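Work through the exercises below with the sequence and the model side by side. Each one sets a task and then goes through a solution step by step.

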Amino acid sequence: MAASAASRELFTEGVKAVLHSWPVLQIAVDNGFGGVYGQQKADWLVDVVQQYFHDNADLQQCEVEDFISELMDQEFDTVVDDGSLPQVSMRLMQMFGQWQQGALQQLSHTVQSLTQKKTQRAKVTAPPPTQSDQESDDETQVMECEASGPSVSRTDPPPPAPPSQDEEDGWTVVRKKK
């Protein structure tokens, strides 16, 4: 029983290594797509995915993709359309296959190699401004300067509203007071 629990823990570490090295999840967590508990959601995602593999026999790649895609959409408001989802699900399926076959040494090696790669975090940076961006910024600044001129206030009281009248069909027109 201890060996089974240890091997299951190894698979869980593999799922964690795959998901935490996935740039889509890194970007979602780093940029707060999951809210203030984004990192906790990412850790929860690891547990849910590994449990999904254990609860379902003979999973197909498309099922794993759909499951992870749905979780990313629900928990991180993120639609994964960069083509990485099939790669992630295939890697998870390969690791689960290694775990099922008892190839724990190979699984351990795979987890270690992914953990070493995990140190490289995906970063999102804004592209450098182009000439047209700088021109539009200048125009915006000019417009902002023009709009911030002295304001003219009106000292005349607003015209009195006409008294409410009954229409011919019996409806009463109600007007807002100013």
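The protein chain of this predicted model holds seven helices and zero strands, and from the N terminus on its elements run α-α-α-α-α-α-α. Buried residues make up 29% of the 178 residues in the chain, and among contacts with a separation of 6 or more, 68% join residues 24 or more positions apart.

**Exercise 1. Compare the span of helix 3 with its expected value, and list its buried residues.**

Step 1. Helix 3 covers residues 38-55, which is 18 residues.

Step 2. From its first C-alpha to its last, helix 3 reaches 25 Å, close to the 26 Å expected at 1.5 Å a residue.

Step 3. The buried residues of helix 3 are Gly-38, Ala-42, Leu-45, Val-46, Val-48, Val-49, Gln-50, Tyr-52 and Phe-53.

Step 4. As background to such a list, an α-helix has 3.6 residues a turn, so residues three or four places apart point the same way.

**Exercise 2. Describe the largest nonpolar core and find which helix gives the most to it.**

Step 1. The core has 35 residues, and those with the most contacts inside it are Leu-19, Trp-22, Leu-25, Val-49, Ile-68, Met-72 and Leu-92.

Step 2. At least two residues of this core come from each of helix 1 (2-20), helix 2 (23-30), helix 3, helix 4 (61-76), helix 5 (85-101) and helix 6.

Step 3. The helix that gives the most to the core is helix 3, with seven residues.

Step 4. Taking Leu-92 as one example, and leaving aside residues up to four places away in sequence, its contacts are Phe-11, Val-15, Val-18, Leu-19, Val-49, Phe-53 and Ile-68.

**Exercise 3. Describe how helix 4 and helix 5 pack, and name the residues that make the contact.**

Step 1. Two packed helices are described by the angle between their axes and the distance between the axes.

Step 2. For helix 4 and helix 5 the angle is about 115 degrees, and the axes lie 9 Å apart.

Step 3. Their crossing is right-handed.

Step 4. On the side of helix 4 the contact is made by Gln-61, Val-64, Glu-65, Ile-68 and Ser-69, while helix 5 brings Leu-85, Pro-86, Val-88, Ser-89, Met-90, Leu-92 and Met-93.

**Exercise 4. Find the salt bridge and state which parts of the chain it links.**

Step 1. The count comes to one salt bridge, formed by Lys-41 with Glu-75, whose closest N and O atoms are 3.8 Å apart.

Step 2. The pair links distant parts of the chain, since Lys-41 is in helix 3 and Glu-75 is in helix 4, 34 residues apart.

Step 3. Lys-41 is partly exposed, with a relative accessible area of 24%, and Glu-75 also counts as partly exposed, at 21%.

**Exercise 5. Decide whether Gln-98 and Gln-112 are buried or partly exposed, and place each in its surroundings.**

Step 1. Gln-98 is found in helix 5, and its relative accessible area is 12%; because buried means under 20%, Gln-98 is buried.

Step 2. Beyond residues up to four places away in sequence, Gln-98 touches Ala-103, Gln-106, Leu-107 and Thr-110.

Step 3. Gln-112 has its place in helix 6 (residues 104-117), and with a relative accessible area of 48% it is partly exposed.

Step 4. Gln-112 and Ala-17 are 95 residues apart in sequence, whereas in space they are 8.4 Å apart, C-alpha to C-alpha.

Technical notes:
Residues numbered from 1 in each chain as written. Predicted model: local features only at pLDDT ≥ 70, side-chain atom pairs only at ≥ 80, totals over all residues. Heavy atoms only, no water. Helix = DSSP H or I, 4+ residues; strand = E, 2+ residues; numbered from the N terminus. Expected span 1.5 Å × (residues − 1). Buried < 20%, exposed > 50% of the residue type's maximum accessible area, 1.4 Å probe, protein only. Core = buried A, V, L, I, M, F, W, Y, C linked by side-chain atoms within 4.5 Å. Contact = heavy atoms within 4.5 Å. Salt bridge = Lys/Arg side-chain N within 4 Å of Asp/Glu carboxyl O. Axes fitted to C-alpha atoms, helices over the stretch in contact; angles between N-to-C directions. Left-handed = near helix turned anticlockwise from the far one by under 90°.
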